[in-house]
Amino acid sequence: KRRTYSKTKFISLRELNTPRGIIIIIKNNMDERLNFGLAMERARAEGIIVDMVAVGDDCWETQENSVGRRCLAGLIAVIKVAGAMSEAKKSMRDIYIMCRAMIISSLSSVFLRDSSIRFGTDINGNGGCNEGKMDVHALIINMVKYMIDAKRYFSLSVFPLNKFIVLVNSYNIDGLLLGYVAKELLHQLQKVNVCVERMFCSTFISGPRPGFCITLIKDIGEELIRWIDNAIPTKYWPENALLQPVIRSISLESSHSLEVECEKPYIKGPRSSTMFYDYCLECVSIACRAIISSEFMLNSMDPMGHYGSLLANGAKELLKVVEDNQLNRCKPYFFITKIGNVLEESIVGATGTMYGLFFAGIAQHFLNYTEIVEVDIDLWAAAIKKGINTLAAMTNIRLDECTLIDALIPLYRGLVYKPSNKFLERIKEGVEGAESGAQATAYMKSSKHIPNLPEPGAQTVAIIARAIYETVKRLYETEEKMLRDPTRVVCPIGIVELAPSEEPLLPLAEAEREEVIVLGEEGEAEYYG
């Protein structure tokens, strides 16, 4: 069975579980935010105290990153400070606040084979712009000007006598380059009256191309300097090169099963309502079949031409789970968690992780309630909102960015637009909102869909919502029709059918509600008081 990247991270969080809590520090990119975010949500559902800091310190303005600023060598400074505070037994809250409060700006450049310079790249040397041939002296002058230019959005505002901590990272081990860059960088910063309190030069993060990265960290107080100067048992931090490293024994044996199971005995949450228990399997089954039948249409909306096929694979696997009766209908938490796990494992790439993250957020909302709480449409709407917020927080995608969020948010708004007991009207309002939101993405300028066609993720939400609504409507109307049937009698235990030969007994059955009429195989009725 394929073990997903997020599942391995979840297992790691189980291993690291401690009463003091866990802080995950990651690079700010879509893959890590999705996978670590999903692992964090699952860990939280098991009672593990965990939070996450995504470091984005690149000040290059034209970077292509859907979740915001890219991560460069500033990640090392954040890890250094967090580790020092952890060694000093500081609380998780204090460490988290310090990591989020650090003001960092980085800029990277690499040397190409034709001796030209690429300016504003990521760690792998991608992106940025080609500045042509230039010596290192001119390159550092341009980098410093860019990083302290007040007109640029991500640059640092520098005033006289400001104090900074500087990191110089060489992507290849090159002592001569590091020494020259450090000397020239100090000279340029002194020209603008900047006080450099600490400077660290090393290969903190390696890269495939020769080059270097300059990181400026604004000194926000003596406490930050204290943690930066904290001695650490490794020979790779420049200040500690002469210290003997401390060797610690690390056990690689896991005390937990590698198979992630969500149904823990201590996880409660509300029980399913009668309607959900009766309708849920049929709704999931019809929704899966709707996605499978829409495979070609979704492929035609995707510039890569495979989005529909990815979802169809997930729908087929989920349909097998439904047919094998593996979904726990008694509690929505287990029901939704299982769906998220199946989709994450069966849909390849970031798409499966995004659906897993969305369903993990929905499931986690139910853990806020006890078994005595009745699961109604208001609770489902709040759970969907939690799923949307979780997905948006981990991916940094917002409304009107041509994603599935553009259909999910109108779906939620429709569910809460008319707070009444007529749940069918509210579901219908949500479905129409999802369809309108999906259609609106056809007119958004984006590379995520074919022009004049809806974005495939948003269209998927609309298809699933419509399938669920039509299924619930059909089942509910059929049930109502059965209840209005004059040949059926509603009693405290259930619905009793009367054969045509027994219709004269109808007045007696209506008068004696506590009696149950049982039809034998030969049509002979028996009465039980």
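Helices and strands are taken here as DSSP runs, numbered from the N terminus. With that naming in hand, a convenient place to start is N452, which sits in the loop between α15 (423-440) and α16 (456-483). The model is a predicted one, and in it N452 has a positive phi of about 70° although it is not a glycine. N452 is exposed, its relative accessible area being 61%.

A second asparagine invites a look alongside N452. N396 is found in the loop between α13 and α14 (405-417), and N396 also is not a glycine yet has a positive phi, of about 60°. The relative accessible area of N396 is 25%, so N396 counts as partly exposed.

It helps to step back to the chain as a whole. The chain has 17 helices and 12 strands, and 48% of its 529 residues count as buried. Its accessible surface comes to about 27000 Å², and carbon and sulfur atoms account for 53% of that. When contacts between residues at least 6 apart in sequence are considered, 68% of them join residues at least 24 apart. The individual residues described further on give some examples of partners that lie apart in sequence.

Attention can now turn to how helices pack. Two packed helices are described by the angle between their axes and the distance between the axes. For helix α2 (residues 30-45) and helix α13 (residues 377-395), the angle is about 140° and the axes are 8 Å apart. That angle makes α2 oblique to α13, because only angles over 145 degrees count as roughly antiparallel. The crossing of the two helices, α2 and α13, is right-handed. On the α2 side, the residues that take part are M30, R33, L34, G37, M40 and E41, and they meet T390, A393, M394 and T395 of α13. Sorted by class, this contact of α2 with α13 comprises five nonpolar, three polar and two charged residues.

Another helix pair is formed by α11 (residues 332-346) and α12 (residues 350-366), whose axes come within 8 Å and cross at roughly 170°. The helices α11 and α12 are therefore roughly antiparallel to each other. From α11, the contact draws on P332, Y333, I336, T337, I339, G340, L343 and E344, while α12 supplies G352, T353, Y355, G356, F359, I362, A363, Q364 and F366. By class, the contact of α11 with α12 has 10 nonpolar, six polar and one charged residues.

Two aromatic residues offer a view of buried positions. F212 belongs to strand β8 (residues 211-218) and is buried, with a relative accessible area of 1%. Leaving aside neighbours within four places in sequence, F212 is in contact with L107, S108, S109, F111, L139, I140, M143, N169, S170, Y171, L177 and V181. One of these partners, L177, is 35 residues from F212 along the chain, and the C-alpha atoms of the two are separated by 8.6 Å.

W227, in helix α7 (residues 222-229), is likewise buried, with a relative accessible area of 1%. Apart from neighbours within four places in sequence, W227 is in contact with K80, V81, A84, M85, A88, K90 and M98. Of these, M85 lies 142 residues from W227 in sequence, with a C-alpha to C-alpha separation of 6.6 Å.

Two glutamates complete the tour, and both belong to helices. E282 has its place in helix α8 (residues 274-293) and is partly exposed, with a relative accessible area of 31%. Setting aside neighbours within four places in sequence, the contacts of E282 are T471, R474 and L475. The C-alpha atoms of E282 and V472 are 8.6 Å apart, although 190 residues separate E282 from V472 along the chain.

E317 is located in helix α10 (residues 307-323). With a relative accessibility of 35%, E317 counts as partly exposed. Not counting residues up to four places away in sequence, E317 touches V342 and S346. Between E317 and C288, which are 29 residues apart in sequence, the C-alpha to C-alpha distance is 9.2 Å.

Definitions and conventions: Residues numbered from 1 in each chain as written. Predicted model: local features only at pLDDT ≥ 70, side-chain atom pairs only at ≥ 80, totals over all residues. Heavy atoms only, no water. Helix = DSSP H or I, 4+ residues; strand = E, 2+ residues; numbered from the N terminus. Buried < 20%, exposed > 50% of the residue type's maximum accessible area, 1.4 Å probe, protein only. Contact = heavy atoms within 4.5 Å. Areas by Shrake-Rupley, 256 points an atom, 1.4 Å probe, with all protein chains shown as cover. Axes fitted to C-alpha atoms, helices over the stretch in contact; angles between N-to-C directions. Parallel < 35°, antiparallel > 145°, perpendicular 65-115°, else oblique. Left-handed = near helix turned anticlockwise from the far one by under 90°. Nonpolar A, V, L, I, M, F, W, Y, C, P; charged D, E, K, R; others polar.
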